[in-house]
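Student: I should like a close look at a single part of this model, the nonpolar core. Please then set it in the context of the rest of the assembly.

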2 protein chains.
Amino acid sequence: MRIGIDLGGTNIAAGLVDVSCAIIAKDSVRTPAGADAIVSAMADLTRSLCQKAGVETIESAGVGSPGSIDASAGVVVFSNNLHFRNVPLADMLSERLGVLVKIGNDANAAALGEARAGAAKGRESMILVTLGTGVGGGIIIGGEIYDGFNGMAGEVGHTVIVKDGALCTCGRKGCWEAYTSATGLIRMTKEAMERAPDSLMHKITRDMGKVSGRTAFAAERRGDAAAGAVVSAYLSYTACGLANLINLFQPAVLCLGGGIANEGQTLIERLEPLLEPECFDVGERKTVLRLAELGNDAGIIGAALL
Amino acid sequence: MRIGIDLGGTNIAAGLVDVSCAIIAKDSVRTPAGADAIVSAMADLTRSLCQKAGVETIESAGVGSPGSIDASAGVVVFSNNLHFRNVPLADMLSERLGVLVKIGNDANAAALGEARAGAAKGRESMILVTLGTGVGGGIIIGGEIYDGFNGMAGEVGHTVIVKDGALCTCGRKGCWEAYTSATGLIRMTKEAMERAPDSLMHKITRDMGKVSGRTAFAAERRGDAAAGAVVSAYLSYTACGLANLINLFQPAVLCLGGGIANEGQTLIERLEPLLEPECFDVGERKTVLRLAELGNDAGIIGAALL
C-alpha cells in the first residue's frame with residue numbers, strides 16, 4: 001500500500017493506493033500556510049487515512065506539488081502558489097512518516113496516473129493536457145514521466161502559437177495558454193459579448209452570476225451565433241496547439257483534462273476533424289485523442305506511483 | 001567497422017565509421033532514380049569504400065533516409081523526395097551487403113551523430129534543429145532517437161508559431177519553418193528589398209546573382225538598416241520556436257545546423273539574450289545553445305550508429 005498526495009494551493013488531497021492502482025481510501029484538508037504546517041497536515045492526513053482503512057504500514061509515499069521540482073533531490077525549487085523556494089519536501093515528510101518519500105510536479109503526477117491507470121493504460125506514450133485556469137501538461141514516454149534534463153520539461157501551455165499575441169500570465173506573448181485555457185476562453189467570451197449585446201451569452205451570464213468557461217458552449221448549444229463563433233475560435237486555437245504536440249511527440253494518446261474537458265466526448269469529436277489536416281502522421285498509426293478518465297484521482301494515483 | 005549512408009534526394013554519401021565514431025573513408029555519388037538503382041548505388045559505394053580503406057568485413061550498415069520511416073520494419077513508408085512509398089529499404093540493402101541494415105529518418109540520424117560524436121557528446125538529451133531550405137529536427141532522449149510511437153515524431157519545423165500566418169510547404173499556415181528556414185528568410189529579405197529600393201541588399205543580390213539566406217546577414221554587417229530589420233525579425237522568429245522547444249523538452253543541448261548556422265557563433269550569441277526571458281527554467285540548469293559540429297558527417301556517423 002502506498003500513499004499518494006496531491007498538494008495544491010487550496011487543498012491537500014491524499015489517498016491510499018493499492019498495487020492495482022485503486023484508491024481504497026481518500027480524504028482532503030485545506031492547505032495551511034508554510035512548509036512545516038503543510039508537512040504536518042500531510043502526515044496527519046496519512047495517519048488518519050491508514051487508521052480509517054485499517055492499514056498498519058505503508059511502503060512509500062509520493063507527493064505531487066505545483067512548481068519547479070528537483071525530483072532526484074526531493075526539493076521544491078520554486079512554487080509561486082505555495083510560496084516555496086528550495087524546500088526539501090521529500091526529506092521533511094520522510095522524517096515524519098518513516099518511509100521513503102518521492103516528489104514530482106503535480107501535472108506530471110496526474111499524467112502518470114492517467115498513463116498507468118486511466119485514459120492511456122497500457123500505451124507507451126501519452127501527453128496529458130489540462131484545460132483549466134491555466135494549461136498544464138505532463139509527458140509520459142516509455143511509461144515514465146519525461147521532465148527534461150533539469151526536471152522542468154512539459155510546459156505545453158507556454159509555447160507560443162500566436163507570435164506577439166495575447167499577453168500570457170508568464171510574461172510571454174501569444175502562449176497557447178492565453179487562448180486555450182478557461183481564462184483565455186473567458187476573455188474571448190467577454191470580447192464577443194461586448195460586440196453582440198443581443199447574444200444569449202448575456203442572459204446565461206446573468207443566470208450563472210458570471211462569465212465562465214461554460215458560457216459560450218452553453219449559449220452555442222441553444223443556437224446563439226455569436227457564442228458559436230467564440231467556440232469555433234476556441235476549438236481552432238486548441239487544435240493548433242494539439243497538432244503542434246502531435247507533430248513533435250507523436251504520442252500514442254493525447255489526453256484532455258481540466259474543467260473544459262467536462263464538455264465531454266463532443267469536445268473530442270469536434271477537435272478531431274480540425275486536427276486531421278494539421279498532423280504529420282502517415283499510415284495507420286495516429287495519435288488517439290481522449291478525455292482524461294480519473295479526474296482529481298489522477299494526481300493522487302500518479303503521486304503514489306512516483 | 002560499420003557503414004553509414006546518408007541518402008539524399010540529390011546525393012548518396014557514405015562513410016566507414018570506426019568504434020570511436022570517426023569516419024575513416026567516405027565518398028558520395030549522385031542519387032539515381034528508383035529504389036533498385038538506389039540500393040545498387042549504395043551497395044557499390046560500400047564495396048568501393050571497403051576496397052579503398054582495405055576493410056574486409058563490415059559489422060552492419062545504417063541508412064538515414066528522408067521521409068517517414070518505419071524503423072522497426074526497415075521500411076520507408078513515404079518519401080516525397082525519393083518518390084518512395086512502402087519501400088523495404090533495409091531488407092533490400094541487407095540482401096546486397098550480407099549484413100544487418102538499420103534505417104532511420106535522415107534528420108534523426110544526423111541528430112544521433114551530433115549527440116554521440118559532436119556538439120552534444122556525453123549529454124543525455126539534445127535536439128538538433130537544421131535551418132536549411134526547410135527546418136528539420138531530431139530529438140535525442142537518453143542518448144537514443146526519440147521518434148514517437150509511430151516513428152514520425154520530431155517535426156519541429158511544422159509547429160505553428162503564427163496562427164493563420166504564412167503558408168508553409170506542408171499546407172499548414174504559420175509553421176516555424178515558414179519563418180525560420182532559409183526559404184522563409186529569403187521571402188522576408190525579398191519583401192524588405194521591395195520596400196527599400198536603396199538598401200545594400202540590392203547590390204549584394206546583383207553581386208551574388210540571387211537573393212539567398214546570406215543576403216540580409218551580409219548587408220547588415222555592412223551597416224544596412226533595412227537588412228538589420230530583416231535579421232532582427234528572423235532572429236525573433238527563430239528564438240520563438242527555440243524557446244517553445246526548450247519549454248517543452250528542456251534538453252541539455254539545443255543544437256543548430258543547416259546553412260544558416262554557417263553564420264557561426266555570432267548567431268548563438270544573438271539568439272541567447274532573446275531566449276533568456278522566454279524560457280521556463282529556474283535555477284542553474286539551463287539548456288545550452290550550440291552550433292552543430294559535424295556538418296554533413298553527422299548524417300553518416302548517425303546512420304552508422306542506427
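Tutor: In this predicted model, the largest nonpolar core comprises 107 residues, and those with the most contacts inside it are A:Val129 and B:Val129. The surroundings of A:Val129 can be listed once its neighbours within four places in sequence are set aside. A:Val129 is then in contact with A:Val135, A:Gly136, A:Val156 and A:Trp176. Its further contacts are A:Leu242, A:Leu245, A:Leu254, A:Cys255, A:Leu256 and A:Gly257. Contact here denotes heavy atoms within 4.5 Å.

The naming of Val129 in both chains leads to the relation between the copies. Chain A is superposed on chain B by a rotation of 180° with 0.0 Å of shift along its axis, at an RMSD of 0.0 Å. That is the relation of a two-fold axis. Of the interface residues of chain A, 100% are also interface residues in chain B, so the copies meet through the same surface.

A further element of chain A is an open sheet of 3 strands, ordered S5-S6-S7 and paired in the antiparallel sense. Strand S5 (68–70) and strand S7 (84–87) of chain A stand at its edges; because each has a single partner strand, one side of each is left without a neighbour in the sheet. From one strand to the next, the twist averages 15°. The antiparallel pairing of S5(A) with strand S6 (residues 75–79) of chain A extends over 3 bridges. At the level of residues, A:Ser68 has A:Phe78 in S6(A) as its bridge partner.

Key
Residues numbered from 1 in each chain as written. Chains lettered and ligands numbered in written order. Predicted model: local features only at pLDDT ≥ 70, side-chain atom pairs only at ≥ 80, totals over all residues. Heavy atoms only, no water. Pairing = 2+ DSSP bridges. Helix = DSSP H or I, 4+ residues; strand = E, 2+ residues; numbered from the N terminus. Axes fitted to C-alpha atoms, helices over the stretch in contact; angles between N-to-C directions. Core = buried A, V, L, I, M, F, W, Y, C linked by side-chain atoms within 4.5 Å. Buried < 20%, exposed > 50% of the residue type's maximum accessible area, 1.4 Å probe, protein only. Least-squares fit on C-alpha atoms with pLDDT ≥ 70 in both.
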